[in-house]
Amino acid sequence: MQIYVVGGAIRDELLGRPVSDRDHVVVGATPDEMLAAGFRPVGKDFPVFLHPETQEEYALARTERKSGHGYHGFTFHASPEVSLEEDLARRDLTINAMARGEDGVLADPFNGRADLDARVLRHVSPAFIEDPVRILRLARFAARFGDFSVAPETLFLMRRMVAEGEVDHLVAERVWQELARGLMEAHPQRMIEVLRDCGALARLLPELEALFGVPQRPEYHPEVDTGAHLLLVLQVAAAMALSLPARFAALTHDLGKGRTPPAEWPRHIGHEARGEPLLLALCERLRVPVECRELARLVVLQHGNVHRAGFGEHCLRPDTMVKLMERCDVQRRPERFEDFLLACEADHRGRQGRADDPYPQGRLWRAAAAAFRAVDGGAIARECTDKVRIPERLHQARVAAVSQALADFKADFKAEFKADLRTDFRADFRTHGR
């Protein structure tokens, strides 16, 4: 029996990154021998065991053969005769096909270390085309290792898989799992770029593919292209360390711009409302968790209004701001409202050359939300003799509180930044998103 640490643990060790999980491959053993050594079986499709003390996974060396479409279309063979190299050959990328034995010697039959040094994502063998999940995994690794490129021959195989319809057999749950993991990596925009380069984005997320090539007004979006804006927003969202719901909201906030009639370009008036049915259809198709769907829906519909709060003749009235906060359930869901504001901030800063711009609208909305929540609804209910009018009185009290908070904020803001209240700043408040 020979035991090797394999895969991501070796890759991350060689990259100097923290190693959180260690997977092991066992060569030359049978399931009975593993049980006799105290290991606990957990694998359903092939022999995987948990170490009796560390609880780390130990899998018997195995080979696999394509037997159908999609992620589950494989049969596996595990026996003491399967070699380490045969086991490593079934893995997706060369950087994941390395192992280290108990003697400390590195086994690298597919030159994964060289690809690590060259910053290249390369398939191990032509069998890469047999599993469409590998496209998603490679895109996710591109999001994790932002300076890695995809080997041309690997990109060729990915495009072939898309053309042959293999990605159409991916199950919704696995697509969402990989998308969510990729969004939480350090460079989520790279995931979208890779999926688009191989054609998979158009098949899996056509609502996002439709944004590329759609122009926006250059005075507000120097990057012009809506797809380029999306990539910048994702980059900012990662730099801000946003939560998964907020990053998903950032990903989907401008879906409606893909449906703007070309005759109206580069303006996108009404794109918020056009985006809602597209978002809901995407969420239904991928079975997106409720928390992510609800926040994304708020951001799709309201991000333009959030940007327009502040100064200028076209800014939101206190009454409108209160109605928006009531729809967002600010009273009971303050954490979600914070994610809502952060996703909007990522949108605002996700423009060419504007990643470090301040976002005073966020400060203003937080001041308004604090005033909103400070209104004593219980006291109003007790004092109101006509119970039917309680909601109206509560709304009026919130409007008054928010009005005062806005006046205080503007006075403080002018004192702090009085030299900066010029035309460009006012324009951002009035027209961002149009």
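**Figure 1. The whole protein, by burial and build.** A residue counts as buried when its relative accessible area is under 20%. In this predicted model, buried residues make up 50% of the protein's 434 residues. As for the build, there are 20 helices and 11 strands. Along the principal axes, the C-alpha atoms fill a box of roughly 80 × 50 × 40 Å. If you look at contacts with a sequence separation of 6 or more, 67% of them link residues 24 or more positions apart.

**Figure 2. Inside the largest nonpolar core.** This core holds 98 residues. Four of them, Phe248, Phe337, Phe340 and Trp365, touch the most other members. Helix α5 (residues 133-144) supplies the largest share of the core, with 8 residues. Zoom in on Phe337 and, leaving out anything up to four places away in sequence, you'll find it touching Leu324, Met325, Cys328, Val330, Trp365 and Ala369. Trp365 thus turns up twice here: as a contact of Phe337 and as one of the four residues that touch the most other core members. There's also a second, separate core of 12 residues, with Val25, Ala61, Leu88 and Ala97 among them.

**Figure 3. Helix α5 against helix α8.** Here α5 meets helix α8 (residues 188-198), with the two axes coming within 7 Å and crossing at roughly 140°. That angle makes α5 oblique to α8. The crossing is right-handed. On the α5 side, the residues in contact are Ile135, Leu136, Leu138, Ala139, Ala142 and Ala143. Facing them from α8 are Pro188, Arg190, Met191, Val194, Leu195 and Cys198. Sort that contact by class and you get 11 nonpolar residues, no polar ones and 1 charged.

**Figure 4. Helices α13 and α14 as a pair.** The axes of α13 (residues 271-286) and α14 (residues 290-307) come within 8 Å and cross at roughly 165°. Angles over 145 degrees count as roughly antiparallel, so α13 is roughly antiparallel to α14. Again we're looking at a right-handed crossing. From α13, the contact takes in His271, Glu272, Ala273, Gly275, Glu276, Leu279, Leu280 and Cys283. Their partners in α14 are Arg293, Ala296, Arg297, Val300, Leu301, His303 and Gly304. The split by class is 7 nonpolar, 4 polar and 4 charged.

**Figure 5. Gln177 and a distant stretch of the sequence.** Gln177 sits in helix α7 (residues 172-183). With a relative accessibility of 37%, Gln177 counts as partly exposed. Take a look at Val288 too: in sequence it is 111 residues from Gln177, yet in space the two C-alpha atoms are 9.3 Å apart.

**Figure 6. Ala78 in strand β7.** This close-up shows Ala78 in β7, a strand covering residues 74-78. Its relative accessible area is 29%, so Ala78 is partly exposed. Setting aside neighbours within four places in sequence, Ala78 is in contact with Pro47, Leu60, Ala61 and Arg62. For Leu60, the separation from Ala78 is 18 residues in sequence and 6.3 Å in space, C-alpha to C-alpha. Ala61, another residue in contact with Ala78, is also one of the residues in the second, 12-residue core.

Methods:
Residues numbered from 1 in each chain as written. Predicted model: local features only at pLDDT ≥ 70, side-chain atom pairs only at ≥ 80, totals over all residues. Heavy atoms only, no water. Axes fitted to C-alpha atoms, helices over the stretch in contact; angles between N-to-C directions. Helix = DSSP H or I, 4+ residues; strand = E, 2+ residues; numbered from the N terminus. Parallel < 35°, antiparallel > 145°, perpendicular 65-115°, else oblique. Left-handed = near helix turned anticlockwise from the far one by under 90°. Contact = heavy atoms within 4.5 Å. Nonpolar A, V, L, I, M, F, W, Y, C, P; charged D, E, K, R; others polar. Core = buried A, V, L, I, M, F, W, Y, C linked by side-chain atoms within 4.5 Å. Buried < 20%, exposed > 50% of the residue type's maximum accessible area, 1.4 Å probe, protein only.
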